[in-house]
Amino acid sequence: MSTARYRIAPSVLSADFARLAEEVRAVVDAGADWIHFDVMDNHYVPNLTFGPMVCQALRRHTQAPIDVHLMVQPVDALALAFCQAGADLVSFHPDASTHVDRTLQLVRAEGKQTGLVFNPAAPLDLLEWVIDKVDLVLVMSVNPGFGGQSFIDSALRKVERARRIIEASGRDIRLEVDGGIKVDNIRRVADAGADTFVAGSAIFGQPDYKAVIDAMRRALA
Ligand code: DX5
Ligand code: ZN
């Protein structure tokens, strides 16, 4: 896999919310490929972040793809609202949706890309039945809800398995990993088969975003 295939998606969960547009601009200037946007509802996860209005406001400040990660239940109304708020890709947790296939269809009908997110203890089984409607598989390497947690190693085996499922499908599906990714473990995650990397605290927790992103790219090269 060539390094050009890799995408780095900083999570604004760890950015300064009072200066969100500046933070997004800074991280894109520093080499970010996507902006990862963690939506938490204090119901599916025990934390609360931002909704579609904030996404819509940010949309005016960046050309970078906005990768929305919904940690909400129910899913459908918010998935639609984020499509309309300028998201490029909308991912959700299948266990949070009553009808996963229908939610995927809703997002596709808005002309947006779809992602399915698998928690550390979640099996990948249902992928078999909906893989033709999925543009991205997101493997969680922490339990969703907070930035700054440690990487859960069993995610590596899940990434390997997800890679095999994607290859067998013959479809162009990205494989993203989210949680505890740092300069010193990104290579292992890539070796397991991931091509897209979310990093929140590793990037926004440092003063020099470019230094971190460059170091991640060197580790991937
Ligand atoms: C966790 C979020 C992650 C989080 C990652 O629920 O989905 O995107 O921001 O943060 P770090 O990189 O700090 O683990
Ligand atoms: Zn996330």
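This dialogue walks through the ligand site, the cavity and two backbone features of a predicted model.

Visitor: Which residues should I look at when I want to see what surrounds ligand 1?

Guide: A shell is read by asking which residues have a heavy atom within 4 Å of the molecule. Here 20 residues surround ligand 1, and the closest are Asp38, Gly145, Asp178, Gly200 and Ser201. By class, the shell around ligand 1 divides into eight nonpolar, 10 polar and two charged residues.

Visitor: Which strands supply at least two residues of that shell around ligand 1?

Guide: Strand S2 (35-40), strand S3 (66-71) and strand S8 (196-199) each do so, and S2 gives the most, with three residues.

Visitor: Where are polar atoms of the protein found at short distances from an oxygen atom of ligand 1?

Guide: A pair of N or O atoms is read as a polar contact when the two lie within 3.5 Å. In this model, an N or O atom in the side chain of Ser201 is 2.5 Å from an oxygen atom of ligand 1, while the backbone takes part through Gly145, with an N or O atom 2.8 Å from a ligand oxygen, and through Gly148, where a polar backbone atom is likewise 2.8 Å from an oxygen atom of ligand 1. The protein covers 100% of the 380 Å² of accessible area that ligand 1 has on its own.

Visitor: How many cavities of 30 Å³ or more does the structure hold, and where does ligand 1 sit?

Guide: The structure holds one cavity of that size, its volume is about 210 Å³, and ligand 1 sits in this largest cavity. The lining comprises 25 residues, of which Leu13, Phe146, Gly147, Asp178 and Gly179 lie nearest the centre of the cavity. Two or more lining residues come from each of S2, S8 and helix H8 (201-204), and by class the lining has 11 nonpolar, 11 polar and three charged residues.

Visitor: Which peptide bond is cis, and which residue other than glycine has a positive phi?

Guide: The general idea is that most residues other than glycine have a negative phi, and most peptide bonds are trans. In this structure, the peptide bond from Gln73 to Pro74 is cis, with omega near 0°, and Pro74 lies in the loop between S3 and helix H3 (76-84). Asn42 has a positive phi, near 60°, and is placed in the loop between S2 and helix H2 (52-59).

Methods:
Residues numbered from 1 in each chain as written. Chains lettered and ligands numbered in written order. Predicted model: local features only at pLDDT ≥ 70, side-chain atom pairs only at ≥ 80, totals over all residues. Heavy atoms only, no water. Polar contact = N/O pair within 3.5 Å; in protein donor to acceptor, adjacent residues only side chain to side chain. Areas by Shrake-Rupley, 256 points an atom, 1.4 Å probe, with all protein chains shown as cover. 1 Å grid on protein atoms, 1.4 Å probe; cavity = no way out; pocket = protein on both sides within 12 Å on 5 of 7 lines; lining within 4 Å. Sits in = over half its atoms within 2 Å of the grid points. Helix = DSSP H or I, 4+ residues; strand = E, 2+ residues; numbered from the N terminus. Nonpolar A, V, L, I, M, F, W, Y, C, P; charged D, E, K, R; others polar. Points joined across faces, edges and corners; volume = space filled by probe spheres on them.
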